[in-house]
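Here are a few exercises to work through with the structure open beside you. Try each task before you read its solution.

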Number of protein chains: 2
Amino acid sequence: MSCQQTLTVNLSDNRSYPIYIGQDLLNDASYLRPHIKGQQVCIVTNTTIAPLYLDALISLLGDYHVDSVLLPDGESYKSLETMNSIYNCLLENTHNRTTTLIALGGGVVGDMCGYAAATYQRGVNFIQIPTTLLSQVDSSVGGKTGVNHPLGKNMIGAFHQPQAVIIDTNVLKTLPARELSAGLSEVVKYGLLGDKKFYHWIEENIESLIALDESVLTEAIARSCQNKADIVALDEREGGVRALLNLGHTFGHAIEAAQGYGVWLHGEAVSVGMVIALELSALMGKISHDEVDRLCRLLKKADLPTSSPNNMTAKQFLQLMSLDKKVLDGRLRLILLDAIGQAVVRDDASMSNIVQAIASHTAK
Amino acid sequence: MSCQQTLTVNLSDNRSYPIYIGQDLLNDASYLRPHIKGQQVCIVTNTTIAPLYLDALISLLGDYHVDSVLLPDGESYKSLETMNSIYNCLLENTHNRTTTLIALGGGVVGDMCGYAAATYQRGVNFIQIPTTLLSQVDSSVGGKTGVNHPLGKNMIGAFHQPQAVIIDTNVLKTLPARELSAGLSEVVKYGLLGDKKFYHWIEENIESLIALDESVLTEAIARSCQNKADIVALDEREGGVRALLNLGHTFGHAIEAAQGYGVWLHGEAVSVGMVIALELSALMGKISHDEVDRLCRLLKKADLPTSSPNNMTAKQFLQLMSLDKKVLDGRLRLILLDAIGQAVVRDDASMSNIVQAIASHTAK
């Protein structure tokens, strides 16, 4: 277990929790069991992940009362309708306030299981076991939970922190290449928004990351989680600095919404969103256009898209972005860069620059 | 405004909020407007209350962007399906994170509006304007929000505190007598569980309360709210003493569930639940049987039931109670009395005493 690392998300009111990162953690009960308080456990997973890891997880929980919910796989099922299958399982098996939910899966499973935990009997404990790179470096840490609504992504949700996050890097061996790339998009994000050294480290190690080199991967996950944990500790409920984690997300959400949830992967949409955000920062004179090109080269090496779909107009972007949570009383607040590794919230981008930034990175 | 009173619910992290109680508060914008932060307001009310008070409320909000959602009236609509009509209104009208929701109605409207506020974009502000006695003295204060699930009452929810509670005693003039009685049930509860002097005051003033005597009513509401606020301030998330507020509720919830939500009013079910809880306390030798009879006399003066429906068996009670949130890892925790004005949580009631207490107060 040479690569094993433990980080901590520091929060008030005894709500701090550990992030364990390493190989084979899913075969070791000692990471999991100290974080289960009662006698009941409900594992929330999906039909893709269950055949791979559900039995292993259940075998760690021999003497608990364990129920499992298998959700259909995909962003299109991240809905209140699907949520009801979790509530039904909990209620049919009379789970009480001391129950512990375990999210075994990617971002959709984690967000839904977390939201079920936030709202079942006004809040119960849960543990994140993320099985995609994207959920390992982003969505499993920080307590954002929720579901999509037909009229907007992540519009229904709650802040609810897990008791622990257990990241077994072994699971990435079964992850489709496209999803690995989508996860790398968020890894790149942490470098761009607040950690220039990490950004350059990613540029140097992108081939090893794509090749699933164990120690490089663990390092990338740990540095991403550390960046996220530091920001969450400063601003748990996104009153300020946490908004910077949304670099590329406002543009990205518009792409996801326009294409239908799940057609583009979240990380793919964020990849293009980051390119547009950097283009806009360049148009506003904050960074050089070379930096935009450099980002595009890195993203391409990670097999990520750098242009939005050719069926999307700037007008459609703006319409979809006006509903985004980052809009405050009519002002479009965007996460832009003052420099590589230095993101800021701005609401002074001109409409013409926004339109040009979008148009410059639309597929021909 | 001779009877106007202001109380405070003291909470950490700048979340303390005022409760305003008095006549004609709904005609005075100065109670409402300081608690609205952004430009957008969404009023959640129902089809019974809207014709009576919605226009008055909107007229206080002249320069805000105001939307309204009219829910169907009744406990049977306190569901995730109905909740979606609130989310739809917010999203269709692009309400953002600075929006303020206003609950104008009874407990169902307040619980649903509060839950919408807890979960829309991971939490927005809301204000309670309760229009029934029951919601004025109980559900509008303390931040419990949520909906029912076909398998259990209030099983889906969140703790989310309002910015203010505005109680206009005028609205009780349009309240059906049956609902006034249901509210008095919760007023009696505060006396029984923690305020013996208040309990005796209620006994002395029950006729004036039923007759809607303004100053007696304001006093009863204020003392109830003060009792609740004190307990919530000590234990916001029901880790301990707050559970005492559930006196009569575990038995009451079983009645509501068995009869179908809304057939019995919540306060009516709690009325019988309190009688059973006192009977059980008497069987355990904690209070005299005279106290049970005395409570029954008071409840009858308030036109409240003191026996459960004759189609309900003790077995059915126990089955429904095993799903109640007060059950912890198989142990049935009940709120009982050590004395009038002194409630405690106990898990040592014998099954035979529980069955006898239920059977003693079943309608013949």
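**Exercise 1: Around strand 6**

Strand 6 of chain B and strand 9 of chain B run parallel and are paired over two bridges. Keep in mind that this is a predicted model.

Task: Find which residue in strand 9 of chain B is the bridge partner of Ile127(B), then work out which way the residues of strand 6 point.

Solution:
- Start at Ile127(B); its bridge partner in strand 9 of chain B is Ala164(B).
- Now turn to strand 5 of chain B, which is joined to strand 6 of chain B by six bridges, again in parallel.
- Here Leu104(B) has Ile129(B) of strand 6 as its bridge partner.
- To get from strand 5 to strand 6 of chain B, the chain passes through helix 4 (residues 107-119), and this β-α-β crossover is right-handed.
- Finally, look at the side chains: Asn125(B), Ile127(B) and Ile129(B) point one way from strand 6 of chain B, while Phe126(B), Gln128(B) and Pro130(B) point the other way.
- Both sets are buried, in line with six of the six residues of strand 6 in chain B being buried.

**Exercise 2: The whole sheet**

Task: Place the seven strands of this open sheet in chain B in order, and say which helices pack on the sheet.

Solution:
- The order is 1-2-9-6-5-3-4 in chain B, with mixed pairing.
- Strand 1 (5-9) and strand 4 (65-71) of chain B are the edge strands, each pairing on one side only.
- On average, neighbouring strands of the sheet are turned by 15 degrees against each other, ignoring direction.
- Further along the order, strand 3 (residues 40-46) and strand 5 (residues 100-105) of chain B pair in parallel over four bridges, and Ile43(B) has Ile102(B) as its bridge partner.
- Helix 3 (residues 80-92) of chain B packs on the sheet, touching strands 3 and 4, and its direction makes about 165 degrees with that of strand 4.
- Helix 8 (residues 214-234) of chain B also packs on the sheet, touching strand 1, strand 2 (17-22) and strand 9 (164-168), at about 15 degrees to the direction of strand 1.

**Exercise 3: Two copies**

Task: What turn and shift lay chain B on chain A, and why do the copies meet through the same surface?

Solution:
- A turn of 180 degrees with a shift of 0.0 Å along the axis lays chain B on chain A, with an RMSD of 0.0 Å.
- That is the relation of a two-fold axis.
- The copies meet through the same surface because 100% of the interface residues of chain B are also interface residues in chain A.

Definitions and conventions:
Residues are numbered from 1 along each chain as its sequence is written. Chains are lettered from A and ligands numbered from 1 in the order in which they are written. This is a predicted model: local features need pLDDT of at least 70, side-chain atom pairs count only at pLDDT 80 or more; totals for chains, interfaces and linings use all residues. Copies are superposed by least squares on the C-alpha atoms of residues with pLDDT of at least 70 in both. Two residues are in contact if their C-beta atoms, placed from the backbone, lie within 7 Å. Two strands pair if DSSP finds at least two bridges between them. Axes are lines fitted to C-alpha atoms, for helices over the stretch in contact, and angles run from 0 to 180 degrees between N-to-C directions. A residue is buried if 20 or more other C-beta atoms lie within 10 Å of its own, exposed if 12 or fewer, and partly exposed in between; C-beta atoms are placed from the backbone. A crossover is right-handed if, with the strands pointing away from the viewer, the path from the first strand over the helix to the second runs clockwise.
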